[in-house]
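Trainee: Please take one part of this model and go through it closely. I would like to see how the domains are laid out and then how the sheet is built.

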Amino acid sequence: MSPDDLKKLAAARALELVRPGMRLGLGTGSTAKHFVDLLGARVAAGLDVLCVATSEVTQAQAESLGIPMSTLDETPELDLTVDGADEVDPQLRLIKGAGAALLREKIVAAASKRMVVIADDSKLVAELGRFPLPIEVVPFGLEATRRAMAAAITASGAAGELRLRKRPDGTVLLTDGGHYILDAHLGRIANPELLGAALNVVPGVVEHGLFLGLAAGAILASGDGLKILGAIE
Ligand SMILES: O=C(CO)[C@H](O)[C@H](O)COP(=O)(O)O
């Protein structure tokens, strides 16, 4: 099975969690895209749900499929959010944000009674940090913010380079919220809670891609089948 087939398998299992009348958060990325495609087919067949997207890309996809969409202003509490991840550890701590949607993804996950991660099992790691940690910052004062972040990272016991994320054409990437992303190449994050808390208090940092205590469960697909972490139902 190809990696894309595995993503689709995880997405299909997550679709089984959806009940009529649910308010859903829709994630961002290639795995979440499969979930939205499958959900769109169910909606076309008559399923009644109301959804909030975690990015403009997902919003456009969902609208194109005729999925009824809302906002967190109109629908501030969601039943279930299904989203991908860049890394998942055995305690269901995540790194997210490769798709630059971490801020809205975290707001939507926090507004949900349940967040379930869908991924192929290559995302499961013993320890977070091999994947660069995305950190969203306001453009104003970038260099000062970068220095304060570097100090916070060191104080938390981690170390590594902060790289400003650019588009393939070399221009600086702007998130849906108009912010920059600094990717922290740390190699390993021995204490995600300490690092997250240290980054949270740096002025200029809008949000970081450590999702701690947010995911209730994960559906991880491999060639041998599905592995469930935590509680998905
Ligand atoms: O956090 C994300 C976007 O900001 C994605 O959920 C994460 O990058 C996983 O994406 P994919 O399913 O394409 O591997």
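Mentor: In this predicted model, the domain assignment splits the protein into domain 1, covering 3-125 + 212-230, and domain 2, covering 133-206. Their C-alpha centres are 25 Å apart. Across the boundary, twelve residues of domain 1 make contact with twelve residues of domain 2. On the domain 1 side, helix α4 (residues 102-110) contributes the most, with three residues. That side consists of seven nonpolar, two polar and three charged residues.

Now the sheet. Six strands make up an open sheet with mixed pairing, in the order β2-β1-β3-β6-β12-β13. The edges are β2 (50-53) and β13 (225-230); each has a single partner strand, so one side of each has no neighbour in the sheet. On average, and ignoring direction, neighbouring strands are turned by 20° against each other.

At the β2 end, strand β1 (residues 23-26) runs parallel to β2 and is joined to β2 by four bridges. Within this pair, Leu 24 is opposite Cys 51 of β2. Helix α3 (residues 56-64) packs on the sheet here, touching β1 and β2, and its direction makes about 150° with that of β2.

Helix α4, already met at the domain boundary, also belongs to this picture: α4 lies across β1, β2, β3 (80-83) and β6 (115-120), at about 150° to β3.

As for confidence, the protein has an average pLDDT of 98, and 100% of the residues score at least 70. For the complex, the predictor reports an ipTM of 0.98 and a pTM of 0.97.

Terms used
Residues numbered from 1 in each chain as written. Predicted model: local features only at pLDDT ≥ 70, side-chain atom pairs only at ≥ 80, totals over all residues. pLDDT = per-residue confidence, 0-100. Domains from an automatic or database assignment. Contact = placed C-beta atoms within 7 Å. Helix = DSSP H or I, 4+ residues; strand = E, 2+ residues; numbered from the N terminus. Nonpolar A, V, L, I, M, F, W, Y, C, P; charged D, E, K, R; others polar. Pairing = 2+ DSSP bridges. Axes fitted to C-alpha atoms, helices over the stretch in contact; angles between N-to-C directions.
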